[in-house]
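Here are a few exercises to work through with the model open in your viewer. Try each one before you read its solution.

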4 protein chains.
Amino acid sequence: MKNLKLAALGADKKRTVVQVGNVKIGEDFVVMAGPCGVESEEQMINTAIGVKEAGAHIIRGGAFKPRTSPYAFQGLGLKGLKILAKASEITGLPVITEVVDPRDVSWVCEYVDILQIGARNMQNFTLLREVGKSNKPVLLKRGMYSTLAEWLNCAEYILAEGNPDVILCERGIRTFETYTRNTLDLSIIPAVKECTHLPIIVDPSHGTGKKSLIEQMSIASVAAGADGLEIEVHCDPSSAKSDSDQQLTIDEFKPLMAKLNKTAEFMKSVM
Amino acid sequence: MKNLKLAALGADKKRTVVQVGNVKIGEDFVVMAGPCGVESEEQMINTAIGVKEAGAHIIRGGAFKPRTSPYAFQGLGLKGLKILAKASEITGLPVITEVVDPRDVSWVCEYVDILQIGARNMQNFTLLREVGKSNKPVLLKRGMYSTLAEWLNCAEYILAEGNPDVILCERGIRTFETYTRNTLDLSIIPAVKECTHLPIIVDPSHGTGKKSLIEQMSIASVAAGADGLEIEVHCDPSSAKSDSDQQLTIDEFKPLMAKLNKTAEFMKSVM
Amino acid sequence: MKNLKLAALGADKKRTVVQVGNVKIGEDFVVMAGPCGVESEEQMINTAIGVKEAGAHIIRGGAFKPRTSPYAFQGLGLKGLKILAKASEITGLPVITEVVDPRDVSWVCEYVDILQIGARNMQNFTLLREVGKSNKPVLLKRGMYSTLAEWLNCAEYILAEGNPDVILCERGIRTFETYTRNTLDLSIIPAVKECTHLPIIVDPSHGTGKKSLIEQMSIASVAAGADGLEIEVHCDPSSAKSDSDQQLTIDEFKPLMAKLNKTAEFMKSVM
Amino acid sequence: MKNLKLAALGADKKRTVVQVGNVKIGEDFVVMAGPCGVESEEQMINTAIGVKEAGAHIIRGGAFKPRTSPYAFQGLGLKGLKILAKASEITGLPVITEVVDPRDVSWVCEYVDILQIGARNMQNFTLLREVGKSNKPVLLKRGMYSTLAEWLNCAEYILAEGNPDVILCERGIRTFETYTRNTLDLSIIPAVKECTHLPIIVDPSHGTGKKSLIEQMSIASVAAGADGLEIEVHCDPSSAKSDSDQQLTIDEFKPLMAKLNKTAEFMKSVM
C-alpha cells in the first residue's frame, strides 16, 4: 500500500501486540465494554462492575462526546475522567476514552490507559500527531467515509511520531442503506491483516446502530478475524443521554460474552 | 417493512425452507459452487466433479453472462445450459444458473433446478414476474445499490406471482471503498432474518472480488447467520473468461468447505 | 475510455445530433415534459397541451411504470400508449415513453417517437439489445449506481446493434444524502462531452425529487452544458398516482421554460 | 431543520452578508483564487498578482496542508502566513487560509482575513468552537461524507460561540464515481438557500479534481445560485507540490473570470 512505511506488514509477517495491563491486544481476544458517555459516578461504576463480571477486559466510557448538535450532551470532561479512573481502580481493568482536542492529550493520559480517536477525527492530523507523541496506546477508528488506504495513512501519522501502539477499529461506513445506522464492513478485517501488522477490533454498536443486530455481528466480527470488540453497554440504556438505541443492558451483555468467548476459542481451532 | 405482504416475517416467526432435490435451503447449511461462466464441457464437468468431491451441495455456472461491455464474453447460451444439465447428471447435484431475458425463462427451466436473478436485474420487474410464474426456486441477488426495503419488495414481486421459493443472496454493495470490488454487507443477514421468512445466502466471490479475502468472509458469513454460500470455483481460474481474480481453484475450495462445515456445526451449538 | 468503440468521441470531435420530427437533440436546446405516468386521457391531453403552450418540444408520459412495490400503480400499458399517441397527434409534438420489457419494444414503437430506458434497467442488456435493433431513438438514463464508464458501455450495447440514435440522461445518483431523493451529478455533463459524441440531457425531477429545487437545478443543468431537460409536469400533481412531490404544475412550468430559453441563449453567447 | 437555532433561515427570509474589506459575500458575486499551498514567496506573489489582474476578489493559499500521508508536503506554516500577508499587502485583496489546529487560531488571525475549515475537519468540534470565538469570518467546507443537516449543525457550532460570519462551501462529496475526484453536489446550493441564511460558495477544483471540468462546473455553480467560487490557480501548476492536476494557470483563469462575471450578471437578470 502506497506511502506506508511503519504501518506496512513486513516480509516477516510479524504482528504488533499492544499490551495494556495484563491484556494483550492482537494476541488475546479482547472485549472493551461500557457506556457511550460517562453520565454519573453511579452509572459508570455500576456499568463497569457489571461488564467486568460478564468478562470484559477493558472499560470504555466517553468524557468528551463529539455530537452533531452543539446543544446535545457534550460529556462531563475532567469530572468524567475522574469517574473513569475510579471505575478502573474498583474493577482493576484498564480504561479507554475518546480524546478530541490536541490540548487535552497530555492531561487525559493521567486518567486513562488507552486514547481513542473517533471516526470524525480520523483525519484530524493535528490530534493524530499529538497522540503519537503520548506514551499511551491509541485506538484509531475508521472514518465513516474512509478508504483502507486513508485509514492506514492515519495510523502512519501516529506511528511516525514514535508511538508504536496503534489499534485499528472498524465502526461502520456510511452508505445509502438506511436500515442500519452505518454499514459494518467486515471485509476490512482480512484486508487490514494483509496490509498492516496492527491489530484490529470492531465496534458493532456504532457499526449497526441497532441493538437487535449487535449479537450476530459481534460473533461475525470474531469469525472475520477481529482481534476484539468494543461494545456499548449501559446499566440503564433507556435513560442514556446518547445512543440509547444501541447500548446493551448488562443482562444482554453477559450471554453475548459467553458466546464470544466460545467463538474466539472455535476460531483458534479452525484457522 | 412497508408494503410487504407475502415476504414479511409472520407473527409465528415461521421460516421458509426451499427444497431442491435433497437440499433444504433455509434448514441445512448449503454451498453452491462452480465457475463464473460455463466455458466448455471439459471446464464445467471437471469443476463440477471437483466441487462435489469437496462437499458442495449445488453446482453453479453462468450460461448468460451480463457483462459491462458488449464485446466481452457473453456466455454459451443454450449450449452452456446443456453442459450444465450434463454436469448435474454426472454429479447428481442440482444446478443453478442466471437468467437475464424474460423470454428465456420457460425453456431455461428445462435444464436447471434454480433460477438466479443477478444484481443488475434485481429491479427488472418484467423478469421478476416471469420467474415468479415459473415452478423453479429463484435466487434473488441484492442490487449493488439496493436498500433492504427495495430488495424485499423485489422478492414480493416474485412471491406475488405464486412462486413461494425465493432465496435471497447478498453479493456486496457499491461504496467508495476501492480495495474490494464491492463492500460485503453482512449485517444485512440478521436484518433480513428480522424482516422476512426467506432464506439468505452470501456470495463472497463478488462480494469481495479478491481471492485472498474469500475464506475469511465465507466463515464470517456463516457466523453472521447465513443459510449458505455461493462461491466461484474454477478448475483453472487463470484461464477463465471472466472474474479470473476471484475464482478459487478446487484445491483452495476443499479446505474451505471443511472449515465451513465446522463453522456451521459450531454456530448451531452456540446460538 | 476502455472498451468503447462506437460511443467514443472521435478525433474529429464530431457530435451526434438525434433528429425527432423537427427537433434536433444535440443541436437545439430541447425540453421534454409531461407527467410521470399516463393516468387518463384527460390528464394526459390536458398536460400535453399545457406543456406545448409553455414551449416544450417533446411530450413525456409513462405507460409502463417500474415501481418499487408490486402493489403500486404499474401504468396503463397499451391504453396509455394510445393516449400518448393521441396527445402527440393533438399537439403535433413527438412523444417519449419508457419501455421495460424486450417483448414490448416492437409494438411500443408503433405509438411513440423515442424509447426511454429507465435507471433501473440501464444494465438490462437484453432490453438494450432490443431497443438497439429498433429504428427509434433511445433515451438511456444513468443507473443510480452507475459510473460513467458503465453508462457509456450500455450506450455501446445499443449502438452495437445498429441504432445510432442514443441520448444520455443524467437523473441523479444514489448517495448518503437524504435531503434530496438522489444527488444530481452535473459534472457528468462535461465529463460525457469529453468522452462521447452522444447528446446528454438532465432529469431534474428525479434528480432532486423536490419541487422546490427543480427550477434552479434546471437552469444549472443548461449552464453545465446539457443539451436539454426532461421535466415532470402534471396538470394536477396533488392527484398524481406517482411522484406527486416532484411534478410541476403547468403554471409553474411556464415561467421555468422562459428562464430556460434565456439561459440556453446566454450559454450560446458565453461559451 | 432539526436542532438549528442560529443557522436556520428566519421567517423574514433575511440573508447574511459577510463583509471582508470591500467584498460583500452573500451580496456581490465573489471569487477566491490562488494556489493550493503557499510554496514560496515568488510562487505566491506571482499567483496573487495574476489572479488579481484577472479579477479575483480574495486570495487563497494554504499554509497548513492536511495531507493523506504524513510524508507529503505539509505546508510552510508561519512562513507561509507571512507570505500570504505580503500577497495581501501587494494586491490590496483579503486573504483566506485553512486552519487545522485550535492552538493556531489566535495567531493565524493576525495574518489573514478569513479562516477556512477544511472538509476533513468539518466535524472537528474543538476547532469549530475555537474559530467561533475568533473575530474573523469562517469558510466552512462540507465534509466529503456530510449530509446537509450535519453541515448546518457544524455552522451552528461556530455561530453559537458568537461569530456570525460563516460562509458555507460545497467541495464535492464522496461517491462511487471515479471519473471525478469527488462528486460536486450543486443541488445543495438551492437546498442550503431554503434552510439557512448563510452564504454558500463552491470549490470546483476539489469538487471535480479535473482541470478540464472546472470551467463548466464553475459556470454551473453560479447558475445554481452560488454566491461565489473558490478556485485553485497556480502560476506554474506542473511544479505544484499538491493538487497539480486541478490547478488552473493564470492564463486559463482569466477567460474563466470573464465568463463567470457574465454569468453572474445574467443570473441577476433572469431570476
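To compare copies, superpose them by least squares on the C-alpha atoms of residues with pLDDT of at least 70 in both. This is a predicted model, where local features need pLDDT of at least 70, side-chain atom pairs count only at pLDDT 80 or more, and totals for chains, interfaces and linings use all residues. Residues are numbered from 1 along each chain as its sequence is written, with chains lettered from A and ligands numbered from 1 in the order in which they are written.

**Exercise 1.** Work out which residue of chain D comes closest to the rotation axis, and what turn lays chain D on chain C.

Solution. Start with the superposition: a turn of 180 degrees and a shift of 0.0 Å along the axis lay chain D on chain C, with an RMSD of 0.0 Å. That is the relation of a two-fold axis. Now look along chain D: D:Ala220 comes closest to the axis, its C-alpha at 2.4 Å.

**Exercise 2.** Describe the side of chain D that touches chain A.

Solution. Count residues in contact (C-beta atoms, placed from the backbone, within 7 Å): chain D gives 24 and chain A gives 24. Next, find the helices (DSSP runs of H or I, at least four residues, numbered from the N terminus). H4 (125-133) and H5 (148-160) of chain D each supply at least two residues, and H5(D) has the largest share, five residues. Finally, sort by class (Ala, Val, Leu, Ile, Met, Phe, Trp, Tyr, Cys and Pro are nonpolar; Asp, Glu, Lys and Arg charged; the others, Gly among them, polar): you get ten nonpolar, eight polar and six charged residues.

Key
Contact = placed C-beta atoms within 7 Å.
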